[in-house]
Amino acid sequence: MRTANTHFALRRLVVSAAALACLAFPDGLFALDPTFAMSQYAKKHWQVEQGLPQNYVTSLAQEPGGLLVVGTSGGVARFDGLKFYPVVLDEATGISREWINALAVMPDGSLWISSRDAGTYLQVNGKVQVLGIRSGQPSSAVVRRDGRLIAAGNGTWELREGSMHRLGVEGGGDLSWQGVLELEDGRVLVCDDAGLFEVRDSSVRLLLPTDVTRGRPLSLVRGRSGTLYLGTTTGLFYLEFEPHLRAIACPGMEGPVVSIVEDRDGVVWTATWGKGIHRLYGKLAQRWSQQDGLDDDFVHTLFEDEEGSLWIGSRSGLSRWRSGPIVPYGPREGLDAQFLSSILGDNNGGIWVGTWRRGLHLLQAGRFTQQQTGFPIETSLIRAMAFSTGDGYWISDWFELRHVTSRGSKRYTTQDLGFNASIHAILSDRGGGLWLSADSGLFRYPDASISGPRQQFLANRGIRHLLEDRNGTVWAGSTTGLARIEGE
């Protein structure tokens, strides 16, 4: 008898497309479940062919209504998950194809946009206002707790009363990454080629100089837990200010780290320029690159939306990662097989999967392991499986039936059974009987020894599935319909 845990595991392993349309999913189901392997997230990718202004995605933000704002090397667009809506930067000329450096959504819903060559803009209620900056354009920005915007790029800037004002001296923060952050006391940290700088009112101070070990600072973020993370050309660090400022390395997180997200589960994600995506869950650091299926190893920006999905902007487009109701399993989870032929749940919540030419696999604690069956897997084509009423389980190969127990395995050929041993379905009933369906009909033996008088039902009906219900009734699915067998 299968337990509730088994049914849950089976439901997660296999869900039909028709069933998906009828399920009501709880809030947060599509957030990034930290227990999933990176290979198991549902991934979707958009490029120019799907309406993206350009494939090189440079910046991401989300408006209060839920629309994603996407900055690219060829303009900025709002995205509702289905369609992209370009934002016109110059209303007089209709220009919308500028290279976008950075985006930020203000508390009042207005959209701040920094372009590389054509200026900095503020869009309020659909109207675009040009914000004057005399030299260069900011390449990263952060909205302060009081609603003010701080930007970095050829200097550090603040948006006040509809225009940009320089903070401190000229220089600093000229990199096109996520390189500016406000601290609790109002100080602003800025990444620069020379190191990590602190900006307070009109003064600028170097906090951490660039060195060989730490590398050059590129990105900053305050995680949901309050931890300050610093991305550099060599990897990921977290900052401690007491008793003195220290940058402590996070092992396994390679650089150059150009964007950082700590999601709602405390998992830290980093985008690298040339080495793909990295994930830090507890003390386990993992990487996902083009070799694994990532569209581009040169990732520019990461963003977690209100639903908990992770958005990835790279040179080759926009990607979304999230958990879903269907969880895939493959070689990275230990299931190294091309053809899965049968699935069976046990009383301990385990999932048994039969394959063609790759043997029998058991799923436990999120990972598959290959099981020893006592017969060669290279020539085995598993068709059906069932647990014995007592010890072990039954497996039907294309040419013979096998009974595997703790004492070993036994084979039954066509000569042993008296009918074609190519069994389509197997059932061990509550009474200890064994049901076998073959091309010539359905056969029941009184016990697992396959001895004694057997009964035959439904001759030549092509039985493919067997199920015993709570009342002991056996249901048989065949090529010609559904049959119910009660008693004799």
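Contact here means heavy atoms within 4.5 Å. The exercises below use a predicted model.

**Exercise 1. Place Ser289 in the chain, decide whether Ser289 is buried or exposed, and find which residues Ser289 is in contact with, leaving aside neighbours within four places in sequence.**

Step 1. Find the element. Ser289 sits in a loop, with strand E25 (284–288) on one side and strand E26 (299–304) on the other.

Step 2. Check the accessibility. The relative accessibility of Ser289 is 4%. Buried means under 20%, so Ser289 counts as buried.

Step 3. Look for contacts. With neighbours within four places in sequence left aside, Ser289 touches Leu294 and Asp297.

**Exercise 2. Examine the salt bridge between Glu198 and Arg187: what is the N to O distance, and which parts does the pair tie together?**

Step 1. Read the distance. The side chains of Glu198 and Arg187 meet at 2.5 Å, N to O.

Step 2. Locate both ends. Glu198 belongs to strand E16 (residues 195–200), and Arg187 to the loop between strand E14 (180–182) and strand E15 (188–192). The pair therefore ties together parts that are eleven residues apart in sequence.

Step 3. Check the surroundings. Glu198 and Arg187 are both buried.

Step 4. Widen the view. A network of salt bridges links Asp185, Arg187, Glu198 and Arg205. The count of salt bridges comes to 24.

**Exercise 3. Describe the salt bridges Arg315 to Asp296 and Glu240 to Arg246, and state how accessible each residue is.**

Step 1. Start with Arg315 and Asp296. Their closest N and O atoms are 2.9 Å apart. This pair links distant parts of the chain, 19 residues apart. Arg315 is in the loop between strand E27 (310–314) and strand E28 (317–322), while Asp296 is in the loop between E25 and E26.

Step 2. Compare their accessibility. Arg315 is partly exposed, at 39%. Asp296 is buried, at 6%.

Step 3. Turn to Glu240 and Arg246. Their closest N and O atoms are 2.5 Å apart. Glu240 is partly exposed, with a relative accessible area of 25%. Arg246 is also partly exposed, at 36%.

**Exercise 4. How many disulfides does the whole structure hold, and why is Cys250 not bonded to Cys191?**

Step 1. Take the count. A search of the whole structure finds zero disulfides.

Step 2. Test Cys191. The nearest cysteine sulfur, in Cys250, is 15 Å away.

Step 3. Apply the cut-off. A disulfide needs sulfur atoms within 2.5 Å. At 15 Å, the sulfur of Cys250 is therefore too far from that of Cys191 for a bond.

Step 4. Check burial. Cys191 is buried, at 3% relative accessible area. Cys250 is buried too, at 8%.

Notes: Residues numbered from 1 in each chain as written. Predicted model: local features only at pLDDT ≥ 70, side-chain atom pairs only at ≥ 80, totals over all residues. Heavy atoms only, no water. Helix = DSSP H or I, 4+ residues; strand = E, 2+ residues; numbered from the N terminus. Buried < 20%, exposed > 50% of the residue type's maximum accessible area, 1.4 Å probe, protein only. Salt bridge = Lys/Arg side-chain N within 4 Å of Asp/Glu carboxyl O.
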